[in-house]
Amino acid sequence: MNVFVANSIRFILFVLFQVLVLNNLEIGGGMYPMLYPLFILLLPFEMGTIPLMLIAFFFGLTIDAFSNTFGLHASSALVFAFFRPIIFKLFSPRDGYENIEVSSVYTMGFRWFLLTFGLLLSIHHIWFFIVEVFKINEIVLILRKLVLSLPVSFLLALLTQFIFFQKKKAER
Amino acid sequence: MRNLIAFFRRFQIFLVFAVLQVIALSTYMSYSEFARLQALTTTGAINGKLMAVRNDVTKHFNLENTNRDLAKENSWLRQRLKASNYQVQRDLITIDDTVFKQQYKYIPATVINSTYDKRNNYMTIDLGSIHGMKRGMGVISSKGVVGIIHTVGTRYSLVKTILSKNINIDVMLAKGGAFGLLKWDQESPRMVQVSGIPNDIRVKKWSRVVTRGGSGIFPRGYTVGHIANRKFIEGKPLWDIQVLVAEDFRTIQQVYVVKNLHLDEIEAMQNAIPLDKEENEF
């Protein structure tokens, strides 16, 4: 399938899942799982940082429009996109990223995925909750939200790939 | 020279990042002034439609509770009908309309989207400017006060609930009438705080907290909640009062928008008060 078409469909599906399912979970205790950063990670490897950031910005803005957060998701998605090339360079494998189009857990291995996506997701979540609460004397609240949400978001992202990306592995 | 170009390229990426970040953050930080950015909220045409469709599916999960609440309210209203009262003093004339004129009108609305665990919680209702909604109107439910309308779209409106940082609704104690301001500290969606009540006033546990009706947004004496706990604030002659909210925001379905028919008169009167530098945001 064409990369453009595949990512457009992914764009819509990730927005719908975040807005219609995850936004309505409201488990309590401040837990707020976010799956949509996975979309930015799955964008093509060779994409430049500026187009990447523009796509992430509009992606975040779309989610904002459905969850009444006025640019909070856009800001966080932008941070994720900005750090993606930096983190990728930091953890690049010995022979570089040649012949790899999409950075899923299957193409790159679990260790790499844990390090890069884990780190990027942590940056994204920390930024999101700090900007959301925006009060230094509520640091406990920020930490609580972070500790509850981050593992759930990561496991959700892992699960999504195990469920939907298996076919690609069989093709290879 | 090559270094300079490389440096500029790196700088360019950061520049785009900074510009977009400033746009996003300034929108987020000052959304109360950007209330016209309707496309960015669920009051927008497409977004509102999607949320309405979602609500069509999920509203049935809560149908039993909603029905029970509405039936309870119906029975209460029925009790107040003239037909269900026995007239004791037969020879007196019934109440004339010139004595009691209607001041508040209530327009029923359905909640199609709402949150309760964010820093500021909003809900979307299915009434908009074509139904005569205006920014600043009060919203109540059959149990208690809900919030104030923040953004108005054509068919949908956004309500800032009392679970928000700077909601500052005028409230008073039902007994005694000491008044304070409603606040929320984001600890629990069931608890709000009342500040500004001096601690030499007696405050009874489980007594009712009601609206003061000062700004004409809510009718005077409408329930907000019950006092669950109170303690002294150290170093200040004030109570720290915890109020159990009457409405449960986790299952809210039906609300009423309060329309005050005397609002223009109240506003004209209060505009006559000389201004001081007090920020009034909701």
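**Cavities in a two-chain model**

Okay, let's start with helix 6 of chain A, residues 110-133: this helix gives the most to the lining of the second largest cavity, namely 3 residues. Keep in mind that we're looking at a predicted model.

So what lines that second cavity? From chain A we have Gly30, Tyr32, Phe128, Phe129, Glu132 and Lys145, and chain B adds Asp117 and Lys118. Sort them by class and you get 4 charged, 3 nonpolar and 1 polar residue. The volume here is about 50 Å³.

Let's step back for a moment. How many cavities of 30 Å³ or more turn up in the whole structure? The search finds 3.

Now for the largest one, with about 260 Å³ of space. Its lining has 23 residues, and those nearest the centre are A:Ser67, A:Asn68 and A:Thr69, plus B:Lys118 and B:Asn120. Which elements give two or more residues to this lining? On the chain A side, they're helix 3 (49-67) and helix 4 (72-90); on the chain B side, helix 2 (45-58) and strand 1 (104-114). As for the mix, the lining splits into 10 polar, 9 nonpolar and 4 charged residues. And if B:Lys118 sounds familiar, that's right: B:Lys118 is among the residues lining the second largest cavity.

Last thing, a word on confidence in chain B. The average pLDDT there is 80, and 84% of the residues score at least 70. The stretch to watch is residues 87-96 of chain B, where pLDDT stays under 50. For that stretch, the model has 4 contacts beyond four places in sequence.

Key: Residues are numbered from 1 along each chain as its sequence is written. Chains are lettered from A and ligands numbered from 1 in the order in which they are written. This is a predicted model: local features need pLDDT of at least 70, side-chain atom pairs count only at pLDDT 80 or more; totals for chains, interfaces and linings use all residues. Side-chain values use heavy atoms; hydrogens and water are left out. On a 1 Å grid over the protein atoms alone, a cavity is a set of points where a 1.4 Å probe fits but cannot get out, and a pocket is an open set with protein on both sides within 12 Å along at least five of seven lines; lining residues have an atom within 4 Å of a point. Grid points are joined across faces, edges and corners, and a volume is the space filled by probe spheres set on the points. Helices (H or I, at least four residues) and strands (E, at least two) are DSSP runs, numbered from the N terminus. Ala, Val, Leu, Ile, Met, Phe, Trp, Tyr, Cys and Pro count as nonpolar, Asp, Glu, Lys and Arg as charged, and the others, Gly among them, as polar. pLDDT is the predictor's confidence in each residue, from 0 to 100. Contact means heavy atoms within 4.5 Å.
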